[in-house]
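Hi,

Here is the structure I promised to pass on. Please open it alongside these notes, which go through what turned up.

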Amino acid sequence: MIDNFKNFKMPRYEQVRWHIQTLLTESKWDENTPLPSEQEFADKYQVSVGTVRKAVEKLVEEGVLIKQQGRGTFLKRPDFNSSLLRFFKFRDKESGYVTPTGIIKKISVIDAIDDINQKLDIDEHEALIYIERVRIVEDKVLLSEKIWLPKNCYEAFANLAPEDFENLLYPFYYTKCGQFVSSAVETLFFITNHIDPYLGNTKQESLVKVCRIAKNLEGDSIEYRESYGLAGKFSYEVNII
C-alpha cells in the first residue's frame, strides 16, 4: 500500500501518517475505539514500528490523536467548551463556573448566502442548514448563536425539529451525519448597534461577537458560527508557560 507513494518525495513516516488520517476520515472512526497497535499498523503498511510511532506522534502533535496510558491511542475531539469559557466566565448561584446549556430555537433549510458560502468554501449555489441556538444558565440566556452548515453534509438535519437536537452539537453532528469537527479558527470582535432578540440587549450595550469556522479531519469547513454575548460578561484568559 505504501508503495503507491514511491514516486513522491515524501518521508516514509509522512506516508504512514497520511494513510492513518485517511483511515480515520473514511472509516468514520469512533472516538471511543482505540486505533490498531503500532505493530498492527507496521504489519499493515510493511514498515518498521519506529516509522509508525513517528507518524502517530506527528498526529498527536497536530491534535488529531491522543494517547491514553494503558488504554491506547484514540481520535481526539477538541474541547470547544473550554474555548467558549476562554472568552466568557459564567457563574451559577453558588458562584461556581459552569458551562451553559444549549437549546435550539430554530432550524431551517435556506438558499445559499454569498458571504456564508464563501466562508464555508462551498459552491455559491449550495443550500444551507440554518440554526439559531441559545446558551443558558439558570434559565437566563447568556449567549446567542447563529449557525450555518453545508446542506449536503447535513442532509439528516433537514427533517429535524429543534427538540430533536442534543445539548452538545459537535457529538450530534458526528453521530447523526458523520461530520467530525477536529479543529476551528475563531475571530473575536466588539460590536455596537446590534440588538439580539434572545439576549434582550439595547443598542447602547456593547456585544462580543465570536466567529468560528470549524473544520473536519480533511481540513474542509463544515460549520460557520457567530456567537453573541454581552460585553460585560467578557473575560479573556490565556496561560503562558
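**Cysteines**

A search of the whole structure turns up zero disulfides. Keep in mind that this is a predicted model. A disulfide is a covalent bond between the sulfur atoms of two cysteines. Cys153 takes part in none; its nearest cysteine sulfur belongs to Cys177, 8.8 Å away. Why is there no bond from Cys177 to Cys153? The sulfur of Cys177 is 8.8 Å from that of Cys153, its closest cysteine sulfur, and that is too far for a bond. The cut-off for a disulfide is 2.5 Å between the sulfur atoms. On burial, Cys153 counts as partly exposed at 23% relative accessibility. Cys177 counts as buried at 18%.

**Aromatic rings**

The whole-structure search finds eleven aromatic pairs. One of them joins Phe157 and Phe165. The geometry is edge-to-face, with 5.1 Å centre to centre and 70° between the planes of Phe157 and Phe165. Phe157 is buried at 1% relative accessibility. Phe165 is buried as well, at 10%.

Tyr174 and Phe180 make another edge-to-face pair. For Tyr174 and Phe180 the centres are 5.4 Å apart and the planes meet at 80°. Tyr174 has a relative accessible area of 13%, so it is buried. Phe180 is buried too, with 6%.

There is also a cluster. Ring pairs connect Tyr154, Phe157, Phe165, Tyr170, Phe172 and Tyr173.

One ring has a charge over it. The charged end of Lys119 sits over Tyr224, 5.4 Å from the ring centre.

**Helices α1 and α3**

Helix α1 covers residues 12–26. Its 15 residues should span 21 Å at 1.5 Å a residue. The end C-alpha atoms of α1 are 21 Å apart, which agrees. The buried residues of α1 are Glu14, Gln15, Val16, Arg17, His19, Ile20, Gln21, Thr22, Leu24 and Thr25. What do the buried residues of α1 pack against? The partners are α2 (38–45), α3 (49–61), β1 (65–68) and β2 (72–75).

Helix α3 has 13 residues. From first C-alpha to last, α3 reaches 18 Å, close to the 18 Å expected at 1.5 Å a residue. Thr51, Val52, Ala55, Val56 and Leu59 are buried in α3. They cover an arc of only 130° around the axis, so they lie on the same side of α3. An α-helix has 3.6 residues a turn, so residues three or four places apart point the same way. The cover over the buried residues of α3 includes α1, α2, β1 and β2.

**Positive phi**

Three residues are worth a look in your backbone plots. Gly63 follows α3 and has a positive phi, near 85°.

Gln46 is not a glycine, yet its phi is positive, near 55°. Where does Gln46 lie? Gln46 is in the loop between α2 and α3. At 66% relative accessibility, Gln46 counts as exposed.

Asp139 is not a glycine either, and its phi is positive at about 70°. Asp139 lies in the loop between β4 (128–137) and β5 (140–150). Is Asp139 buried or exposed? Asp139 is exposed, with a relative accessible area of 75%.

Best wishes

Technical notes: Residues numbered from 1 in each chain as written. Predicted model: local features only at pLDDT ≥ 70, side-chain atom pairs only at ≥ 80, totals over all residues. Heavy atoms only, no water. Phe/Tyr/Trp six-rings, centres within 6.5 Å; stacked < 30°, edge-to-face > 60°. Buried < 20%, exposed > 50% of the residue type's maximum accessible area, 1.4 Å probe, protein only. Lys NZ or Arg CZ within 6 Å of the ring centre and 35° of its normal. Helix = DSSP H or I, 4+ residues; strand = E, 2+ residues; numbered from the N terminus. Expected span 1.5 Å × (residues − 1). Contact = heavy atoms within 4.5 Å. Arc of directions from axis to C-beta.
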